Amino acid sequence: MNVDLLAVAYPPLLVFAAALLVLVLPRIAGFAVGALSLAAVLAISLVAPEGQHLAGTFLGFEVVPFYVDEFSRMIGIGLGFLGICSVIYASSSEASETLVAFALAYVASSLGAAFAGDWLVLLFMWELMAVTSTLVVWQYGGEAVRAGFRYALFHGTGGVLVMLAVAVHFVQTGTFVYDGSGIADGIPALLAVLGMGVNVAFIGFHTWLPDTYPRPHFAASVFLSVYTTKTSAFVLYRAFPVDAQSDLAIYLAYMGGLMAVYGASFALLQHDMRALLSYHIQAQLGYIVAGIGMGAGAVTSEIAVAGALTHLFNNVLFKSLLFMAVGVVIYRTGEEDLYELGGLWREMPLTAIGFGLGAFSITAIPGFNGYVSKGMLFDAADPHYYGTPEYQALYYLLWLGAIGTLLSFIKLGYYVFFHGESDLEVADAKPGQTVAMLGLGGACLLFGVWWQGLADLAPTIHGSEFAFAYPGGESHLHPYSASHLESAGVLTAIAAVAFVVVRKPLSKLDLGDPAMVVYPATYYASRWTMLAVTGVYAAVDAAVVGAVKRCYWIGNNPVLAVEAAARELPGWMVDVDERQPADGGRPSTIHLRTSIGTTVLLLTIVLTAILWLLVV
């Protein structure tokens, strides 16, 4: 086992210890310890040499709970930096110590999944991430409890599918340790796609996102907006790495394209600000999934994967920033509906600046980080650059998603900050909230202007340099080439004109997501299934108990039974509890009913004995 100091300083353990300390230390000291633990994660991610790992055995299986490579390093930097800003924001937003403790435990499990070097540790952290994130939702109470229950059902189901994928993978390969080839093809790959698809919000599996994230404390939404979805997208890459040659690669790519359009479309229809942002989590995950799918198909592998993971890193920054800005608006105004607001830029200029930095980033405006990574994904799908004809439709889906994203954030910014005059006299963001927002916004701007730094941070593929030859003659990736700037200008112009045209009709639309039918459908299907099962059980139980009692009575009253049968009388078929014993007959004294707990205990003992016999 490698006992290097950096490997022993296991990042998830540091953050989990801080979560416990938050509960016992004074508020300021506890929050400071939480922020420092995440600063340590950031430092470890920056300085740990590639290949640094912590290995051992668990139940006879080889495990690697901590592994640093160029991919996990980038994710660790993003999650660590965001964690610092999120704790500062929560501290200034009147979040309780309990909420922050749960959130830090959630962050710890997310980091554990990101730094895992084998599927067994990943599975443990994956399930822990589901449990701790549910606690973050439930902590708020009220409507968040029901939403958290639905959230838990989704993620529990996805976790079971991932567990089955890992189990079959082990059967086929004989090891849990990552070997760079991803999950085994066939059944493991299919199960992994479905299970991970829950966490990365595949269409049809996504309803937990807009249902859950608008419900808890607004500071909790900042944590939730990043850690589950971005970590899961990274794990999806682990399952389907570059050149994986998976049969599912093209389906992954097109699912990503459809997610980009679907999420942006339903975001446009939202009145609730956090619901709008939640749909855009799905939309931006669509770009990441599309890049992973293209990379796994080995068609446009290098730039597709680099673009996907760079966009994932950028998404950590700007998505959390947007939730922070909207959270401040909710905190100061108490209003969730964007159509009930307006003109707040005069009252809340710092919050408006924070929102603007995030909005410019997510919509890929030149000068901001989203422009760099989204441009790489466009190039990967574009048949004129790296794409092939099979991805031409995907290229147009990504374009539609980009237009929808621009429309959504023009709408959100217009109605919240610029439309009309504000009749509210509200304060701006508090100092801690401002520091967190401007810290993340500054990073978005930094990596948009100093794009070479973002390129250096992005993972290289198979040791190759982060350099691509563009048809225009650029020897290195250059997002600010004339063709890229022209594309950005066209996208922005189309969205601006479209918003003028659709603004009024859009404000009158209040269409629901058809996928939400899963909730009432599941409820009624479960209810009637339960009633049917319990009804059948009650009938069978009554029949069996009655038959046993009658048999017992016959055994103790054979003469009466024979006489009754000889006379062809149905007396022996009536309820024996009402029959008085005669000629030495006596009623049943067998106790045929017992408690549920005793029944479960007996079944457990029987099944354990059977399992033991099979093993022996």
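Reader: In which helix is Ser72 found, and is Ser72 buried or exposed?
Author: The model is predicted, with local features requiring pLDDT of at least 70 and side-chain atom pairs pLDDT 80 or more, while totals for chains, interfaces and linings use all residues. Residues are numbered from 1 along each chain as its sequence is written, and side-chain values use heavy atoms, without hydrogens and water. Ser72 has a relative accessible area of 0% and is therefore buried (under 20% relative accessible area, 1.4 Å probe, protein chains only). Its helix, a DSSP run of H or I with at least four residues, numbered from the N terminus, spans residues 70–92 and is α4.

Reader: Which residues does Ser72 touch, not counting residues up to four places away in sequence?
Author: Contact means heavy atoms within 4.5 Å. With residues up to four places away in sequence left out, the partners of Ser72 are Tyr67, Ala114, Phe115, Phe234 and Arg238.

Reader: How are the rings of Tyr151 and Trp208 arranged as a pair?
Author: Rings of Phe, Tyr and Trp (its six-membered ring) pair if their centres lie within 6.5 Å; planes under 30 degrees apart are stacked, over 60 edge-to-face and the rest tilted. Tyr151 and Trp208 are both buried. Their ring centres are 5.6 Å apart and their planes stand at 75°, so the pair is edge-to-face.

Reader: How many residues apart in sequence are the parts that Tyr151 and Trp208 tie together?
Author: Tyr151 belongs to helix α7 (residues 143–173), and Trp208 to helix α9 (residues 208–212). The pair therefore ties together parts whose separation in sequence is 57 residues.

How values were computed:
Helix = DSSP H or I, 4+ residues; strand = E, 2+ residues; numbered from the N terminus. Buried < 20%, exposed > 50% of the residue type's maximum accessible area, 1.4 Å probe, protein only.
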